[in-house]
Amino acid sequence: MQDQVLAMLRGQLVNIMSGAVFLFIGLASCFLAAVRRRGGVRIFVWLGIWSGLWGARLLAESAAVVAALPHWVQISVPFLRIAVTYLLLPVASLAWLELSAGKFRHFLRALIFISLAIGVTGIGIFVITGFGDKLIPYNNLLAAAALLVLVIIVAVPALSRKFLTLPNRAVMVAGTLVFAAEALYFSLSRLLHYHTPTTRFTGSLGLAVLLFSFGYIAVRIVLASERRLLSIENELAIARDIQTSILPGDSPSIKNLRVAAAYRPMTEVAGDFYEFIPVDHNCIGFLVADVTGHGIPAALIAAMIKVAMQSLVPYAHDPQRVLRGLNGVLSAQMGPQLVSAAYLWVDTENRIALYSAAGHPPLLHCRGDELNRIESNGLLLGVLPDSEYPVCDMAILPGDRFLLYTDGVSEPENALGDSFGEFKLEQVVRNNQLRPPSELLDRLLTEIRHWQPASMAQHDDITLIAIDVL
């Protein structure tokens with residue numbers, strides 16, 4: 001028995017070696033895609049499955065390999081052969097889909113659907129009847145038609161530029177033509193019943209050349225994607241530094257006030273913005289703004305608010321004038337994006353505070369055991385160029401506390417889908433009434449983190465300003 005197995009091994013050595021190589025390359029390609037988990041590596045998954053299927057088919061066609069397998073595995077080998085035969089075409093089409101563009105993608109999707117329908121039906125017929133070759137001619141005909149279309153598109157420069165995304169067309173042309181020539185040779189050999197010891201090896205070699213071409217193109221695409229990603233990351237780092245530079249560096253020094261601020265962007269750059277506008281040792285304005293959207297577009301609008309606010313410093317004592325001025329500038333520049341904003345003016349010498357807002361969450365005002373929500377809202381900035389913003393005036397006393405914030409504080413949800421909300425926010429503020437402003441903000445941020453599941457990312461920018469009257 002052992003001698004027979006060795007004899008079969010010698011006769012089928014090429015098949016076994018080719019199958020092992022294809023299977024190893026397939027597993028390595030899938031492992032690479034699983035480890036990286038970055039954009040652009042999906043093509044390695046399909047290439048890996050394609051190569052692995054072909055390797056498994058070669059090994060399954062080797063009687064020596066099958067004879068060395070346990071009996072329960074040998075029973076499933078015929079099913080493996082049929083399944084691989086039917087699945088090769090849709091998997092190969094999925095790999096080509098990663099390189100396609102335009103209407104060619106529609107063609108490939110239709111090809112995948114039809115080939116899967118034939119494959120599932122063919123496998124089902126095999127399971128029920130034991131005959132697996134009923135639909136093989138249709139599968140082969142579909143594969144031949146698809147290969148003809150591919151050869152035409154790849155070989156014609158105008159078509160390949162229109163329907164394929166290839167960083168190096170010459171490599172893919174060579175691989176596709178070699179594979180097509182091999183497929184034609186192999187098909188004619190079977191049609192004419194002409195078989196030589198090199199026929200199967202030639203078939204594997206043609207596929208190996210095509211897979212190598214695919215792999216080379218995939219590596220080029222991934223490297224280009226990595227370079228673009230690195231460039232974007234560098235630009236985002238610069239944008240983050242610029243945005244950080246336009247935010248206040250330290251808390252302002254105002255007589256009889258203690259101020260703390262917290263800023264937690266959702267992404268590298270954010271649409272939240274805050275500013276301190278100190279006029280003298282007794283008077284200061286506090287601006288908080290929240291641009292709709294996130295990322296770089298919102299950050300650019302936030303930078304515009306910074307510039308616009310510089311021209312409004314002479315009117316810092318008038319919240320209505322400040323918001324109307326910001327609205328006038330932003331209405332002409334922002335397009336579809338809008339901004340919510342709140343502005344608080346505090347005069348410690350005259351013991352008065354003025355507040356106005358534009359579609360912003362309410363100001364929280366704590367005095368002793370009382371906590372009041374101050375809502376003095378007009379329209380969001382950017383809706384109408386001539387919007388009006390009502391002003392609320394308040395007398396301030398020692399021990400008063402004000403809290404300005406953006407909606408990123410109240411909107412986070414827990415595992416049940418419940419928002420942190422105004423009630424929870426006010427509860428945390430009440431429970432930490434005796435803490436200094438900086439500790440209150442730390443406690444709020446901690447409570448928000450605990451409210452959300454650990455696996456859930458931050459969904460909005462968070463800005464907080466706490467002001468205590470001493």
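Q: Helices here are DSSP runs (H or I) of at least four residues, numbered from the N terminus. With that settled, which helices each supply at least two residues of the lining of the second largest pocket?
A: This is a predicted model, to start with. The helices are helix 2 (13-36), helix 3 (42-60) and helix 10 (199-246).

Q: Which one gives the largest share?
A: Helix 10, with seven residues of the lining.

Q: And how many residues line that pocket, and which lie nearest its centre?
A: There are 16 lining residues, and F22, I25, S51, A208 and L211 lie nearest the centre of the pocket.

Q: What's the volume of that second largest pocket?
A: About 290 Å³.

Q: How does its lining divide into nonpolar, polar and charged?
A: Eleven of the lining residues are nonpolar and five are polar, with no charged ones.

Q: Switching topic: how many salt bridges does the structure hold?
A: Seven. One of them pairs E98 with R42, where the closest N and O atoms are 3.0 Å apart.

Q: What does that pair tie together?
A: E98 sits in the loop between helix 5 (71-97) and helix 6 (103-129), while R42 belongs to helix 3, so the salt bridge links parts that are 56 residues apart in sequence.

Q: OK, on to the sheet. What's the strand order?
A: The order is 1-11-10-6-7, in an open sheet of five strands with antiparallel pairing.

Q: Which strands stand at the edges?
A: Strand 1 (257-264) and strand 7 (370-374). Each has a single partner strand, so one side of each is left without a neighbour in the sheet.

Q: By how much are neighbouring strands turned against each other?
A: By 15° on average, direction ignored.

Q: How many bridges join strand 1 to strand 11?
A: Eight, and the two strands run antiparallel, with strand 11 covering residues 462-469. Among the bridge partners, L257 goes with V469 in strand 11.

Q: Which strands does helix 14 touch?
A: Helix 14 (residues 437-451) packs on the sheet and touches strand 1, strand 10 and strand 11. The direction of helix 14 makes about 150° with that of strand 11.

Q: And where does helix 13 lie?
A: Helix 13 (residues 421-431) lies across strand 6 (363-367), strand 7 and strand 10 (401-405). Helix 13 runs at about 140° to strand 7.

Terms used. Residues numbered from 1 in each chain as written. Predicted model: local features only at pLDDT ≥ 70, side-chain atom pairs only at ≥ 80, totals over all residues. Heavy atoms only, no water. Pairing = 2+ DSSP bridges. Axes fitted to C-alpha atoms, helices over the stretch in contact; angles between N-to-C directions. Contact = heavy atoms within 4.5 Å. 1 Å grid on protein atoms, 1.4 Å probe; cavity = no way out; pocket = protein on both sides within 12 Å on 5 of 7 lines; lining within 4 Å. Points joined across faces, edges and corners; volume = space filled by probe spheres on them. Nonpolar A, V, L, I, M, F, W, Y, C, P; charged D, E, K, R; others polar. Salt bridge = Lys/Arg side-chain N within 4 Å of Asp/Glu carboxyl O.
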